[in-house]
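Visitor: I would like to look at a structure and ask how its descriptions are justified.
Guide: Then let us start with the picture.
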Amino acid sequence: MKHTLTVLVENKPGVLTRIAGLFARRGYNIESLAVGRTENPAISRMTIVVEGDDRVIEQVGKQLYKLIEVIKLTDITNDEHVDREMILIKVNADPAIRGEIMQIVEIFRARIVDIGRNSLIIEATGDEGKINAIESALRPFGIKEVVRTGKIAMARGAKSKNGRNQEAL
Amino acid sequence: MRLTGAQALIKFLEEENVKYIFGYPGGSVLALYDALLESSKITHVLVRQEQAAVHAASGYARVTGKPGVCIATSGPGATNLVTGLATAYMDSIPVVAITGQVSTDMVGTDAFQEVDITGITMPITKHNYLVKNVDDLPVIIKEAFHIASTGRPGPVLIDLPKNVAGKVFDYRPVAKVELQGYKPTYKGHPAQIKNLAGLLAQAERPLICSGGGVISSNAWEDLKELAEKVNAPVTTTLMGLGSFPEDHPLSLGMLGLHGTPYANYAVQNCDLLIGIGMRFDDRVTSAVNKFAPQAKVVHIDIDPAEIGKNVAADLPIVGDVKFVLNELLKRINPRRNDAWLEQIRAWKKSHPLAYGDNQSSLRPQYILQKLGELTKGKAIVTTDVGQHQMWTAQYYNFTKPRSFITSGGLGTMGYGLPAAVGAQLASPDSLVVAVTGDGSFQMNMGELGTATEQKLPLKILLLNNSHLCLVKQLQYFNSGKRYSGVCFTGNPDFVKLATSYPGAVGLRIEKPEDVEPVLIEALSNGKLTLIDCCISDEELVYPVVPNNGALDEMIYYPGGEK
Ligand SMILES: Cc1ncc(C[n+]2csc(CCOP(=O)(O)OP(=O)(O)O)c2C)c(N)n1
């Protein structure tokens, strides 16, 4: 099963290498990994989607915790959360079929962000299902290039940045 | 205080009470070596290869319980540390390694003797640092010692670029370490400890399995108290040898692949197995699915990632062994377990460690037994890796913690002699014996020079079979006796080799009658002494658990049952 982990780490050089290296070395499968700084510039948040049974996920968590720069880790798979991914799709688009593409873009509430002579770049955000759907809706036109960010996620409700419920404090 | 990075580092090491640095110089650590000249408190021990510097630091750490320190230059110096660091990492030994690095403006350009040592050692250190700015140095060195020596100990590496080491700055010592992401759990969960007390009150066939964590948390007294109070027999892992006195009636010696028959039988028949400061390594469990089939498993360890990793724990307790045992001792009542102890006595009688006749030919087991008797189990014994290591574990009879120093997790040949150098410096009044094989010894025998320079009266007990006999043994059992790549035909005369070092003594044991007199001479001469023991290459280590067998399916010494 796929798990979504959000990991707070110190924003220091080499942290990403440590985490990527740990996954590779111990044979864990990273589905996606997105990283960026948080409201505190000294801390970054990673959203890692990893595939594995409960035992594997437990080990992933414990091994991650052993890294000195990992501050807090939460498996939010079963918690209420919002997750988003962004995709950029460059698709073949003769002037003749642009209308049809624009309709699809409309339906998915995506945006056209660049127009070339024979192609368009479309930007969409959403959860994984929506992103997969727009990609397959555009495939018949001929996709030239796809870039996806990987998932970012945030728990719903009043959680503080260290993952604890503020009400409970 | 205005100091260079290098001077600040040395000053810090002095403040940490570091007495020895094991190292090897080079272009990128000139500033460090220069600063060392000014230190009256730190002695630099010049080794013969950087790997030996880590091993020596590790030997020092294991005797003292404090981090050992080593230095190497950038590039090849740094890569030579790799095996030593991995060895220390696998055995959770606190070591701080300092490497030189090319100047920060050259990093990343494939400069002369540049190597990405922080990248290379990421998986084999507890943590590592590249110091890019000299102002970060005070915090980094403070953190490095803290991380190496607390929680589950381990090696930490600091990569110090040449220009950072040379740069003058305003050094102010750091008082306190603040690491948001590093807070080891010391106190075990009270409810879990209470549960363990409950399990002990019900168990009829309890067994304690003690590992290296009992030694690193200085908990051997507590372990003994626990065992005696509840009358639970104690077996130890290789790393745990010395954590429980082997002359104690409750001692079962080592378990596992080459464990004692009675320890392995006890594991397979106990109803409660308490693993303390150990990690259920595959050399301990053999086939995990057949391990301790009747037992509830309790696992006490400071590293949560060890719990449930190899063997599922019915009751996990994360915490420092000493804390946990202290709490546990307050909550338990005496138990007798008479029937169980009777059963164990019967196994000890029917299936002792056996190796047959020791009078008609020179047997290595006999040599180690004698060594144990003559030193009353009180020497510090280091080993290399091979048959000699297993016989040492089986026959020496360890009674003192921090007295058995071996590469357990990585099984690194070449560990024994440099580790003995570190051990002897750590404990100058102790008798230190390095038990080795001709294969392992030749990996780091250059350290005879280090031992000579440092005037160390080490004893090197070389069990010489002109073969890599543990591998030969594997080929005997697993490759249909097709021996490949395991025979040395170009060995030197080791006695002559030893005596070519100024002041060193070389002795030889060829017959059983030689054993006692030669050992007595060696142990009492106060000199660096190598004892070349000419043993057969046909010896096998028994018992041995066959590949993927259960522990009680071990092959016993043929004809040894009583
Ligand atoms: C650095 C290293 N290389 C290879 C091995 C594999 N190995 C394990 S035991 C052994 C033979 C050791 O021979 P020796 O030191 O002579 O000891 P003996 O088994 O003969 O007592 C070898 C090659 C190892 N453990 N370490």
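Guide: What follows concerns a predicted model, taken up through its ligand and then through the domains of chain A.

Visitor: What makes the pair formed by Gln387(B) and the ligand a polar contact?
Guide: A polar contact needs a pair of N or O atoms within 3.5 Å. A backbone N or O atom of Gln387(B) lies 2.8 Å from an oxygen atom of the ligand, so the pair qualifies.

Visitor: What about Asn465(B) and the ligand?
Guide: There a polar side-chain atom of Asn465(B) is 3.0 Å from a ligand oxygen atom. That is within the 3.5 Å cut-off, so this is a polar contact too. The protein covers 78% of the 590 Å² of accessible area that the ligand has on its own.

Visitor: How do you know which helix supplies the largest share of the shell around the ligand?
Guide: By the residues supplied: α19(B) gives four. In chain B, α17 (387-395), α19 (438-443) and α21 (469-478) each supply at least two.

Visitor: How do the shell residues divide into nonpolar, polar and charged?
Guide: Seven are nonpolar, nine polar and one charged. Gly counts as polar, so Gly439(B), one of the residues that come nearest to the ligand, is classed as polar.

Visitor: What are the domains of chain A, and how far apart are their centres?
Guide: The domain assignment gives domain 1 (2-79) and domain 2 (82-152). Their centres, taken over C-alpha atoms, are 29 Å apart. Seven residues of domain 1 and five of domain 2 take part in the contact.

How values were computed:
Residues are numbered from 1 along each chain as its sequence is written. Chains are lettered from A and ligands numbered from 1 in the order in which they are written. This is a predicted model: local features need pLDDT of at least 70, side-chain atom pairs count only at pLDDT 80 or more; totals for chains, interfaces and linings use all residues. Side-chain values use heavy atoms; hydrogens and water are left out. A residue is near a molecule or strand if one of its heavy atoms lies within 4 Å of it. A polar contact is a pair of N or O atoms within 3.5 Å; within protein, one must be able to donate a hydrogen and the other to accept it, and residues adjacent in sequence count only if both atoms are side-chain atoms. Accessible areas come from the Shrake-Rupley method with a 1.4 Å probe; for residues, only the protein chains shown count as cover. Domain bounds come from an automatic or database domain assignment. Contact means heavy atoms within 4.5 Å.
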